[in-house]
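Trainee: Could you walk me through a few of the labels people put on a model like this one?
Mentor: Sure, let's have it in front of us.

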Amino acid sequence: MLASLVIASFMAVASGNCCTENSIWRSVCPKIEPGKVKVCMDWDDSCFTDFRLAELCRKYKAKVTFNITPREHADHCYMQRETTERNGVTYRFKSPKGFDRAQTVSIPYLTNEDFKYCYEGFKIAAHLNFPTGDSAEELDYCRQLMEEFLAIAPDVTGQDGFGIVWSGGRWSPGIVKIAKELGFRYCRGANTYEKPGKWGEWTIQPTTYWSEPPEKFWEWYELAKKRGDVFWFWGHTQDLGYDDAIWARLEGIIRRISEDPDAEWIDVGDLVKGAVE
């Protein structure tokens with residue numbers, strides 16, 4: 001049943017009629033009334049800046065899922081400040097070679113010993129860097145990565161029952177099959193309303209990215225509320241760097257949703273409860 005609803009919704013989005021079709025989420029969130037919206041968010045990469053987001057979510061009693069990559073040793077990413085018409089001022093990944101040092105910050109990744117402290121009270125999912133093919137060699141490597149995650153994640157996070165997020169939103173049927181076999185609860189892609197991807201009864205995708213132009217972001221939010229739906233946004237906290245003005249923009253989003261009497265925060269995993277049980 002869910003698979004048919006998902007496929008129907010994908011076809012509606014692809015044809016430009018998504019605003020008038022029933023939601024794909026009704027089979028898993030059946031109690032949403034028109035005029036109400038359930039909101040979820042998740043954030044990738046387990047960076048040091050997740051600490052600041054976690055505090056914001058505690059402040060506004062917002063639910064969030066953090067998609068983590070286990071690391072035993074310290075590492076960091078380089079983020080260069082950019083201004084685009086679409087996303088405004090944010091930071092974007094840059095190679096350590098050839099970047100503009102005046103516009104670049106180095107943001108540490110969290111290590112395994114940080115996870116329980118940073119993510120206390122929030123849900124965790126796996127964020128692993130997979131190849132995109134279905135060759136035997138590639139699938140063996142993917143299985144190894146997933147098994148390694150499951151071997152250490154309960155201990156370093158204090159949780160179990162994880163979803164999985166492909167790096168760059170990439171996945172293949174063979175990878176999905178392995179993830180199901182190993183007990184992952186869902187697979188999240190990275191496409192949105194504007195760029196719909198392949199759907200399946202166990203593969204789910206967000207509504208939009210956090211830095212979408214405000215008029216488009218809130219248009220989709222109000223649309224979800226109008227039809228009694230789920231609104232789901234995602235991001236990378238390193239996008240915000242250490243810039244208070246960018247963080248104020250995100251805080252405004254979280255505050256507005258938390259103060260909306262017709263909105264309710266849910267966890268990403270709530271969308272697929274029982275999907276693989």
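What follows is a short chat about one residue and two helix pairs in this predicted model.

Trainee: Why is Ala 179 called buried?
Mentor: Its relative accessible area is 0%, and buried means under 20%, so Ala 179 gets that label.

Trainee: Where is Ala 179 found?
Mentor: Ala 179 is in helix α5, residues 173-181.

Trainee: What is Ala 179 in contact with, leaving aside neighbours within four places in sequence?
Mentor: Met 146, Ile 164, Trp 166, Phe 184 and Trp 202. Contact here means heavy atoms within 4.5 Å.

Trainee: Which residues of α4 and α5 meet?
Mentor: From α4 you have Leu 139, Cys 142, Arg 143 and Met 146. On the α5 side there are Gly 174, Ile 175, Ile 178, Ala 179 and Glu 181. By class, that contact splits into six nonpolar, one polar and two charged residues.

Trainee: How do α4 and α5 pack?
Mentor: Helix α4, residues 136-157, packs with α5 at about 35°, and their axes are 10 Å apart. The crossing is right-handed.

Trainee: And what makes α6 roughly parallel to α7?
Mentor: Their axes cross at roughly 20° and come within 13 Å. Angles under 35 degrees count as roughly parallel, so α6 and α7 earn the name. α6 passes α7 in a right-handed crossing too.

Trainee: Which residues meet there, in α6 and α7?
Mentor: Phe 217, Trp 218, Tyr 221 and Glu 222 in α6 touch Ile 253, Arg 256 and Ile 257 in α7. That contact has five nonpolar, no polar and two charged residues.

Key:
Residues numbered from 1 in each chain as written. Predicted model: local features only at pLDDT ≥ 70, side-chain atom pairs only at ≥ 80, totals over all residues. Heavy atoms only, no water. Helix = DSSP H or I, 4+ residues; strand = E, 2+ residues; numbered from the N terminus. Buried < 20%, exposed > 50% of the residue type's maximum accessible area, 1.4 Å probe, protein only. Axes fitted to C-alpha atoms, helices over the stretch in contact; angles between N-to-C directions. Parallel < 35°, antiparallel > 145°, perpendicular 65-115°, else oblique. Left-handed = near helix turned anticlockwise from the far one by under 90°. Nonpolar A, V, L, I, M, F, W, Y, C, P; charged D, E, K, R; others polar.
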